[in-house]
Amino acid sequence: MRTGLLTEGGYPYASGDAGLWCDRLVRGLGQHEFDLYALSRSRHQEEQGLLPLPPQVTRVRTAPLWTAEVAGGAVGYGRRARRRFTEHYGELAAAMCTAADGGGGTAADHSASGAVADRFANALYGLAELAREAGGLGAALRSDLAVRTLERACRAPGAPRTAREARVADLLTVTGHLERALRPLSLDWYGEDALGAADLCHATSGGPAALPGLLARHFCGVPLLVTEYGVHLRAQYLDRGPGTAPAVRALLAAFHGRLATEIYRRAEILTPGNAHARRWQERCGADRARIRTVYPGMAADGFTEAGESPERADADTLVWVGRVEPAKDLVSLLHAFAEVRRREPGARLRIVGSPGGSEGAAYLGHCQALAAQLFPDEAEGAHAVGCNPVSFDEIGSPDAPTLPEVYASGAVVVLSSVVEGFPTGLIEAMFCGRATVSTDAGAVVEVIGGTGLVVPPRNPRALADACLALLRDPERRARLGAAARARALELFTVEQNIAAFHGIYLEIVSHCPVRRDLLDASGAPLPFAAPAESHVPAHWPATPTWALPTTEPAR
């Protein structure tokens with residue numbers, strides 16, 4: 001089977017998102033061929049180069065989303081092409097400026113939502129067909145014509161108030177963003193020598209990464225699989241913070257919402273990484289029957305020794321591991337530990353992690369100052385050196401050389417986040433057989449599944465009570481730790497992830513095979529040129545058995 005793997009800002013580049021799980025997927029499915037189609041986000045990412053690729057990767061094609069140059073920028077449109085562009089781009093903008101979102105449960109709500117989705121989809125594919133015929137959309141997406149077309153849609157009767165209030169600067173910002181998001185329409189990836197030759201397109205996220213898969217499906221009938229371990233639409237909402245103009249925020253949210261709806265409608269199967277992502281997909285119109293939750297796979301081998309040696313833990317130590325940033329709410333953790341320390345004077349807290357950017361560095365400094373204020377250095381006697389019961393380390397330091405050793409050093413692993421996606425650190429602690437106390441954020445409850453204690457976020461008293469309950473009950477800690485390790489090994493390993501995708505690949509290809517007309521040298525069709533067994537994953541002999549010479553029996 002030939003799979004077109006579609007990525008944005010990640011694999012096969014050495015830096016970026018989703019590189020590790022994509023590499024494990026490709027290497028784990030060695031019986032299939034992979035063509036990689038990657039959209040890069042920055043010059044720095046391209047300068048970092050590509051990861052070493054396994055032999056089953058037969059082709060790599062890349063395109064930038066960050067450059068100022070526009071694909072097909074030298075293409076000039078005639079009058080007819082300009083008219084087609086204005087029509088399709090105007091329909092796209094009008095769909096963005098239509099308030100119907102189908103939020104109600106009535107038949108009229110769903111009908112209105114479907115009409116808007118169809119209008120957006122027709123405009124999107126109309127632009128793609130124009131790009132294919134004219135050699136690219138070129139500079140048209142950044143032209144004055146595009147800005148004026150968007151302005152007409154924003155000023156049209158029935159447009160939302162935020163769209164009607166868009167200023168010229170807002171329209172220019174939105175037009176620039178749409179140009180970058182729609183660049184895949186102008187790529188030459190959709191012929192029979194590219195994505196058209198694939199049996200399956202697998203997009204590793206929504207948004208621009210899935211757009212080439214939509215077009216391959218539209219032009220060539222190639223089925224589409226979309227995996228979302230982080231919901232692209234949610235990320236777009238969060239990226240448009242309070243500093244963004246309301247009109248820009250509303251228009252871009254509408255565009256990405258309409259695009260997500262079309263992706264979810266057309267994908268043969270969607271594979272969210274957790275129930276939180278699944279709910280986003282269902283809210284945007286995905287059919288529940290086509291959704292398969294596939295958890296991210298993590299390598300468990302490095303944590304085996306710690307998981308099989310629970311006696312290595314210090315019975316009085318709490319451990320926190322992660323990236324230091326405000327969303328992790330270490331302030332609440334420190335206040336909770338103050339209560340733990342008051343009731344259990346021998347308790348200690350290890351905070352292990354690196355700051356996330358300049359904001360994280362400032363937050364780390366604030367947490368260290370708070371720890372010094374809450375826990376003045378203590379000494380056993382007048383002539384002893386005092387020490388703080390809270391320590392701050394980074395992985396690789398003398399006191400925290402490796403992740404498994406850090407997890408193994410504590411009796412209880414704590415997660416105190418107020419915002420959390422898929423908690424990989426929690427799964428690492430589960431691999432190590434450690435009992436956990438976590439806040440109810442993101443996919444935490446789904447991951448824990450009853451093998452740890454969960455408390456509300458921003459509640460230091462509840463966090464302290466849960467930590468004390470486990471510190472004072474070693475038998476309960478041991479039971480929860482063993483159950484957590486068994487759950488992690490069953491659900492969250494690389495092997496489980498690869499096996500799930502292998503089955504999904506076969507399911508899609510068996511139900512949605514690509515119909516291709518194979519021709520002979522003269523251009524005439526070849527009937528039965530692609531037998532059904534050609535889709536079965538196996539290594540077939542170069543010469544079929546019926547073509548081998550036979551030996552007549554002796555007479």
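Two strands count as paired here if DSSP finds at least two bridges between them, and with that in mind the tour of this predicted model can start at its sheet.

Select the six strands that form an open sheet, and follow them across in the order S3-S2-S1-S4-S5-S6, where the pairing is parallel. At the edges stand strand S3 (57-64) and strand S6 (269-272), each of which has a single partner strand, so one side of each is left without a neighbour in the sheet. Looking along the sheet, you will find that neighbouring strands are turned by 15 degrees against each other on average, direction ignored.

Next, zoom in on strand S2 (residues 33-40) and S3, which run parallel and are joined by seven bridges. To see one of the pairs, pick leucine 39, whose bridge partner in S3 is alanine 63.

Now add helix H1 (residues 19-28), which lies across strand S1 (2-8), S2, S3, strand S4 (200-203) and strand S5 (224-228), and which runs at about 155 degrees to S4.

From there, turn to the nonpolar interior. The largest nonpolar core has 78 residues, and among these Phe85, Leu124 and Leu185 touch the most other members. Helix H10 (residues 246-266) gives the most to this core, contributing ten residues. Centre the view on leucine 185: leaving aside neighbours within four places in sequence, this residue is in contact with Leu124, Leu127, Ala128, Ala131, Leu137, Tyr190, Leu211 and Leu215.

Finally, select Ala336, Val412, Val414 and Leu453, which are among the 35 residues of another core lying apart from the largest one.

How values were computed:
Residues are numbered from 1 along each chain as its sequence is written. This is a predicted model: local features need pLDDT of at least 70, side-chain atom pairs count only at pLDDT 80 or more; totals for chains, interfaces and linings use all residues. Side-chain values use heavy atoms; hydrogens and water are left out. Helices (H or I, at least four residues) and strands (E, at least two) are DSSP runs, numbered from the N terminus. Axes are lines fitted to C-alpha atoms, for helices over the stretch in contact, and angles run from 0 to 180 degrees between N-to-C directions. Contact means heavy atoms within 4.5 Å. A nonpolar core is a set of buried Ala, Val, Leu, Ile, Met, Phe, Trp, Tyr and Cys residues joined through side-chain atoms within 4.5 Å. Buried means under 20% relative accessible area, exposed over 50%, partly exposed in between (1.4 Å probe, protein chains only).
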